[in-house]
Amino acid sequence: MAAVLLPVGLVAALGVGYVDGHGVHGDPGPGTGDFVDIADVPPMGPQNRFGPDASTGVVTVDCGRNENAHRNADNVVAAPAVSGGAHHMHDYVGNLATDAFATDQSLAAAGTTCVNGDRSTYYWPVLRLLNGDEPGSADMPHNSGAILQPASVLISFRGNPASKVIPMPRFLRAVTGDAKALTTGLDNAARVHWTCSGMLDRRTNRYPRCPDGHRVVRVLDFPNCWDGRRNDSPNHRDHLVFPAGNGVCPTNSFAVPQLRIEVGYDVPSDAEYAIDTFADQLRSPITDHSDFINVMTDEQMAHVVAVVNSGRIS
């Protein structure tokens with residue numbers, strides 16, 4: 001009898017593995033239920049409802065597309081000083097010295113791919129084509145396929161719909177998404193979406209199949225309510241959280257510029273593809289995530305805050 005496929009969100013909520021038990025090429029994920037035709041994803045309704053004190057400006061930072069192939073399987077935010085601690089490969093833009101052993105001091109002294117001199121580090125799991133031609137490495141056999149070079153990377157800092165923003169501190173750590181969402185649930189994965197270029201109002205937590213001429217796009221929105229005290233916290237989340245739906249930050253927290261990363265790829269419309277994941281996460285799209293360390297100078301951050309609070313576009 002043919003296997004029954006459950007929607008990936010329901011699979012995660014139930015805390016079970018893939019019902020079909022294998023990926024599209026017999027490898028450990030993704031399952032065929034992890035893909036969706038973008039035409040079947042309904043458009044979102046109006047998203048921006050700004051209050052009288054909103055900060056509506058946007059600052060865009062050009063840090064390239066990782067043309068120099070800065071990649072490793074480290075995660076200096078979640079697993080500092082552990083070589084290969086991510087068990088999956090990351091793409092980096094920005095700071096050129098980012099690896100498991102990077103420190104605030106080494107990051108501040110390093111070079112950067114950002115044209116404005118921003119030494120911040122931005123990273124996310126690589127995306128691979130599952131063409132069966134490139135096996136996984138000996139230490140990551142579950143992540144097979146040829147790595148796709150991003151075709152576009154858009155980094156922007158945005159305001160808050162309810163208030164002005166204050167500067168984020170230098171060396172603030174931030175994460176969005178959940179690399180273990182398949183087994184832990186969707187609570188921390190809700191602000192990470194997949195879509196297609198030219199159709200950004202259609203967002204899904206599954207891998208989209210985009211029409212010819214449209215890129216696959218990952219949209220990674222970061223939390224932006226800072227506790228005013230810490231650059232990090234034990235779970236890397238409690239010091240920087242998301243606001244309520246109306247944009248209001250929790251009591252005793254303060255709105256800082258919100259980071260959004262959009263990564264686009266030229267993927268053939270009929271191709272199978274997947275991000276790198278931990279082995280037990282079966283290359284599920286709901287495990288997409290990104291990390292950030294703010295290494296802007298005080299002057300650079302002050303410029304971001306001034307533009308965002310004034311409503312300008314820079």
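Which two cysteines form a disulfide with their sulfur atoms 2.0 Å apart? Keep that in mind while we take a walk through this predicted model; the reply comes at the second of the disulfide stops.

**Start with the whole protein**

Show the full chain as a cartoon. You should find 4 helices and 18 strands. Switch to the C-alpha trace and turn the view along the principal axes: the protein spans about 60 × 45 × 35 Å. Its radius of gyration is 19 Å, which agrees with the value near 20 Å that a compact globule of 314 residues would have.

Now add a surface. The accessible area comes to about 13,300 Å², and carbon and sulfur atoms hold 54% of that. Of the 314 residues, 51% are buried. Contacts are worth a look too: among those between residues at least 6 apart in sequence, 73% join residues at least 24 apart.

Before zooming in, colour the charged side chains. There are 23 positive and 34 negative charges, and the mean positions of the two groups are 6 Å apart.

**Disulfide stop one: Cys63 and Cys114**

Select the cysteines next. The structure holds 3 disulfides, and with bonded cysteines counted along the chain their pattern is 1-2, 3-4, 5-6.

Begin with Cys63 and Cys114, which are joined with an S to S distance of 1.9 Å. This pair links distant parts of the chain, 51 residues apart. Cys63 sits in the loop between strand E2 (58–61) and strand E3 (71–72), while Cys114 is in the loop between helix H2 (104–109) and strand E5 (121–125). Look along the S-S bond: the torsion is about 95 degrees, so this disulfide is right-handed. Cys63 is buried at 2% relative accessible area, and Cys114 is buried as well, at 5%.

**Disulfide stop two: Cys196 and Cys210**

Here is the reply to the opening question: Cys196 and Cys210 form the disulfide whose sulfur atoms are 2.0 Å apart. Cys196 belongs to strand E10 (residues 192–196) and Cys210 to the loop between strand E11 (207–209) and strand E12 (216–221), so the bond ties together parts that are 14 residues apart in sequence. The S-S torsion is about -85 degrees, so this disulfide is left-handed. Is each partner buried or exposed? Cys196 is buried, with a relative accessible area of 0%, and Cys210 counts as buried at 6%.

**Disulfide stop three: Cys225 and Cys249**

Move on to Cys225 and Cys249, joined with an S to S distance of 2.1 Å. Cys225 lies in strand E13 (residues 225–226), and Cys249 is in the loop between strand E14 (240–241) and E15. The pair links distant parts of the chain, 24 residues apart. The torsion about the S-S bond is about -80 degrees, so this disulfide is left-handed. Both Cys225 and Cys249 are buried.

**Around the third disulfide: Phe254 and Asn224**

Keep Cys225 and Cys249 on screen and add Phe254, which lies in strand E15 (residues 254–255). Phe254 touches both of these cysteines. Leaving out residues up to four places away in sequence, Phe254 also touches Ile166, Asn224, Trp226, Asp227 and Gly228. Try a distance label between the C-alpha atoms of Phe254 and Cys225: they are separated by 5.2 Å, although the residues are 29 apart along the chain. Phe254 is partly exposed, with a relative accessible area of 41%.

Next, select Asn224, in the loop between E12 and E13. Asn224 is buried, with a relative accessible area of 2%. Beyond residues up to four places away in sequence, its contacts include Cys249 and Phe254. Others to display are Gly159, Asn160, Leu240, Val241 and Pro243, along with Ala255, Val256, Pro257 and Gln258.

**Last stop: Arg173**

Finally, centre the view on Arg173, in strand E9 (residues 173–177). Is this arginine buried or exposed? Arg173 is buried, with a relative accessible area of 12%. Leaving aside neighbours within four places in sequence, Arg173 is in contact with the acidic residues Asp104 and Asp232. The contacts of Arg173 also include Val77, Asn231, His239, Leu240, Phe292 and Ile293. Leave Leu240 selected as you zoom out: this leucine appears in the contacts of Arg173 and in those of Asn224.

Notes: Residues are numbered from 1 along each chain as its sequence is written. This is a predicted model: local features need pLDDT of at least 70, side-chain atom pairs count only at pLDDT 80 or more; totals for chains, interfaces and linings use all residues. Side-chain values use heavy atoms; hydrogens and water are left out. Helices (H or I, at least four residues) and strands (E, at least two) are DSSP runs, numbered from the N terminus. The radius of gyration is taken over C-alpha atoms; the globule rule is 2.2 Å times the number of residues to the power 0.38. Buried means under 20% relative accessible area, exposed over 50%, partly exposed in between (1.4 Å probe, protein chains only). Contact means heavy atoms within 4.5 Å. Accessible areas come from the Shrake-Rupley method with a 1.4 Å probe; for residues, only the protein chains shown count as cover. Lys and Arg count as positive and Asp and Glu as negative; His and the chain ends are not counted. The place of a charge is taken as NZ of Lys, CZ of Arg, CG of Asp or CD of Glu. A disulfide is a pair of cysteine sulfur atoms within 2.5 Å.
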